[in-house]
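Trainee: I have just opened this model and would like to learn how to read it. Could you walk me through it?

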Amino acid sequence: MAIAPSSAAPADLITSEISAANAPVLELGPGTGVFTHRLIERGITESQLILVESGDAFAYRLSRTFPKTTVLRMDAGRLRIAAPVKAGAVISGLPLLSMPPSTVMRIMRGAFANLRDAAAFYQFTYGYRCPVPPAILARLALRATSLRRVFSNPPPASVYRIEHIAHAR
């Protein structure tokens, strides 16, 4: 759970490399839909958004606010078996820093199993480092690149682009 709702600046940053060419897009932990709104503004149609939300109230609100999206009310750690899609990007607002490494590993494996080759996983965090531990990045042959830190957001936030080393920019 977020310390405070995200301002517009992190939503702008996490979606800055996304366009209609990335459709469909998988969003993990969309909560109130702040990033979802920005994805739509960037040209991703609602029907090309798959929202993975474990909270009943959030999932219900998302399905009402974005009726043409696919809302999967589930744990993101089950993606590998439950969301057979080849997305052009994953946007994640999940609090990975507060999760055990085994859960982060399941989430990353599931997300990358549902990504096209050369597609990236974008992770929002309030932490000062990438929330995916280095051992997991190495085991899955991933590289994390900080896009920028947003100081105008209380508290400051960062976004990381995570991608397979073989396809890294």
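**Reading the model together**

Mentor: Let us begin with one residue: Ala118 is found in strand E5. Helices (H or I, at least four residues) and strands (E, at least two) are DSSP runs, numbered from the N terminus.

Trainee: What should I know about the model before going on?

Mentor: This is a predicted model, in which local features need pLDDT of at least 70 and side-chain atom pairs count only at pLDDT 80 or more, while totals for chains, interfaces and linings use all residues. Residues are numbered from 1 along each chain as its sequence is written, and side-chain values use heavy atoms, with hydrogens and water left out.

Trainee: What pLDDT does the protein average?

Mentor: pLDDT is the predictor's confidence in each residue, from 0 to 100. Here the protein averages 90, and 90% of the residues score at least 70. Over residues 1-5 pLDDT stays under 50, and the model has eight contacts for them beyond four places in sequence. Contact means heavy atoms within 4.5 Å.

Trainee: Back to Ala118: what is its phi?

Mentor: The general idea is that most residues other than glycine have a negative phi, and most peptide bonds are trans. Ala118 has a positive phi of about 70°, although it is not a glycine. Ala118 counts as partly exposed because its relative accessibility is 46%. Buried means under 20% relative accessible area, exposed over 50%, and partly exposed in between (1.4 Å probe, protein chains only). Ala141 also has a positive phi, near 55°. Ala141 lies in the loop between H6 and strand E6 (142-150), and with a relative accessible area of 36% it is partly exposed.

Trainee: Which peptide bond is cis?

Mentor: Look at the bond from Ala23 to Pro24, which is cis with omega near -5°. Pro24 sits in the loop between helix H1 (8-14) and E1. Glu17 is found in the loop between H1 and E1 too. Glu17 and Tyr122 are 105 residues apart in sequence, but 9.4 Å apart in space, C-alpha to C-alpha.

Trainee: How many aromatic pairs does the structure hold?

Mentor: A pair of aromatic rings is described by the distance of the centres and the angle of the planes. Rings of Phe, Tyr and Trp (its six-membered ring) pair if their centres lie within 6.5 Å; planes under 30 degrees apart count as stacked, over 60 as edge-to-face and the rest as tilted. This structure holds three such pairs. In one of them, Phe35 and Phe124 meet edge-to-face, 5.5 Å centre to centre with 65° between the planes. That pair links distant parts of the chain, since Phe35 belongs to helix H2 (residues 34-41) and Phe124 to strand E5 (residues 115-125), 89 residues apart. Both Phe35 and Phe124 are buried. Phe112 and Phe121 form a stacked pair, with 6.1 Å between centres and 15° between planes. Together, Phe35, Phe124 and Tyr126 form one aromatic cluster.

Trainee: Is Phe121 buried or exposed?

Mentor: Phe121 is buried, because its relative accessible area is 0%. Its ring partner Phe112 counts as buried at 11% relative accessibility.

Trainee: Which residues of the largest nonpolar core touch the most other members?

Mentor: A nonpolar core is a set of buried Ala, Val, Leu, Ile, Met, Phe, Trp, Tyr and Cys residues joined through side-chain atoms within 4.5 Å. The largest has 29 residues, of which Leu26, Leu28, Met108, Phe121, Val132 and Ile162 touch the most other members. H5 gives the most to this core, with six residues. Apart from it lies another core, of 23 residues, including Leu51 and Phe124.

Trainee: How many bridges join E4 to E5?

Mentor: Two strands pair if DSSP finds at least two bridges between them. Five bridges join E4 to E5, which run parallel, and Ala89 stands opposite Ala120 in E5. The chain crosses from E4 through H5 to E5 in a right-handed β-α-β crossover. Right-handed means that, with the strands pointing away from the viewer, the path from the first strand over the helix to the second runs clockwise. E1 and E4 also pair in the parallel sense, over four bridges, and the partner of Leu28 in E4 is Ser92.

Trainee: Why is E4 largely enclosed by the rest of the structure?

Mentor: E4 is described that way because six of its six residues are buried.
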